[in-house]
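Let's take a walk through this one together. Have the sequence and the model open side by side, and we'll begin at a cysteine.

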Amino acid sequence: GASGLLGSNLAWSLSKCTNVSGCYNNNCVYIPGATLSHLVLVDPDAVEKKIKTINPDIVIHCAARTDLDCQEDDPVGSHLSNVETTNALLQALDGHRCKLVFISTDAVYPGRNGPYRESDDLGPCNVYGKTKLKAEQMAFKRPGTLMLRTNLYGWNIRHKNSMAEWILHSLQDGTPINGFSDALFSSIYTFDFADLIQRCLERDLSGVYNCACHNGWSKYEFACKLATLFGLDRSLVSKGSIDDARFRANRGRDLRLDVSALEEDIGMRCPTMEESLTRFYRDWLSKVPYYIRDSKNNSYI
């Protein structure tokens, strides 16, 4: 998933301290310090050949479809992208001693009564969450797998928008947006997430962990905080309900994550929502999103 939001940001971050090989499917990207190549992840033979060629110590599987509404209308395609890719990767890793890090989602929880602990009952309410749960169950069978459930925002290498980017660009354009006061989450900035992955690997953790911010906000609060931090017109953010959006896919209303198990096992506190958003803002001041998208001519600072 090296051309995706998380995969590209992880490659940017981890290439500063280790050798990184990334794979992409349809979208060729360039990331300084990383070796990138094309791979059709649903082709078991191609994946096995790639694993043999690279011979990795660690594999971070973050390739997935995250377009919730489109997947609701395309459950077969969702299964192919989120489940069959995982199956092909697991087959290719059979017999290899490398560590697997599986990136999952807060969408495997029911989304009614957060903050959720890892031991709480699961019950995804949309096709995306159901396919990620199936992929989780498959990945669990590989000994030593580290599974991280999360919710992310950051700077895309491609011309797409994470939630935070969409809010920022809308407010910069003077476009009013609707912030859901009844949708709660613990979303974390991708580069903070990358730091936590490194800490997990240093501690050689395995098993399932929630990996997100220490606390949670509503999406309305998140949008208002972002507007204030970036010096934009907060009045453009109106308070609304998730019911107003009429999404095709159901969304959990309370997907806050309890990260106390992770904090205990890595020996440090996860960043708060305020701290993570502030880092996002500081990276914007340092022109990080421009370096990422124009990386052939610039280097990440």
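Start with Cys 125, which touches Ala 107, Pro 110, Asn 250, Arg 251 and Gly 252, leaving aside residues up to four places away in sequence. Keep in mind that this is a predicted model. Cys 125 sits in the loop between β4 (99-105) and α5 (127-139). Is Cys 125 buried or exposed? Neither, quite: its relative accessible area is 24%, so it counts as partly exposed, because buried means under 20%. One of its contacts, Arg 251, also lies over the face of Phe 247, at 3.7 Å from the ring centre.

Now for the inside. In soluble globular proteins, nonpolar side chains tend to be buried together. Here the largest nonpolar core has 64 residues, and Leu 148, Phe 222, Leu 226 and Phe 280 touch the most other members. A second, separate core of 18 residues includes Leu 41, Ile 51, Ala 63 and Ala 88.

Two of those hub residues, Phe 222 and Leu 226, are among the buried residues of helix α8 (residues 219-229), along with Tyr 220, Ala 223, Cys 224 and Ala 227. After α8 comes Gly 231, with a positive phi near 70 degrees.

Phe 280 is worth a look too: its contacts include Tyr 153, Trp 155, Tyr 189, Leu 226 and Phe 230. Phe 280 also belongs to an aromatic cluster, with Phe 185, Trp 217, Phe 222 and Trp 284 among the other members. At Phe 185, look for Lys 219 over the ring face, 5.5 Å from the ring centre. The aromatic pairs come to 14 in the count.

Technical notes:
Residues are numbered from 1 along each chain as its sequence is written. This is a predicted model: local features need pLDDT of at least 70, side-chain atom pairs count only at pLDDT 80 or more; totals for chains, interfaces and linings use all residues. Side-chain values use heavy atoms; hydrogens and water are left out. Buried means under 20% relative accessible area, exposed over 50%, partly exposed in between (1.4 Å probe, protein chains only). Helices (H or I, at least four residues) and strands (E, at least two) are DSSP runs, numbered from the N terminus. Rings of Phe, Tyr and Trp (its six-membered ring) pair if their centres lie within 6.5 Å; planes under 30 degrees apart count as stacked, over 60 as edge-to-face and the rest as tilted. A charge sits over a ring if NZ of Lys or CZ of Arg is within 6 Å of the ring centre and within 35 degrees of the ring normal. A nonpolar core is a set of buried Ala, Val, Leu, Ile, Met, Phe, Trp, Tyr and Cys residues joined through side-chain atoms within 4.5 Å. Contact means heavy atoms within 4.5 Å.
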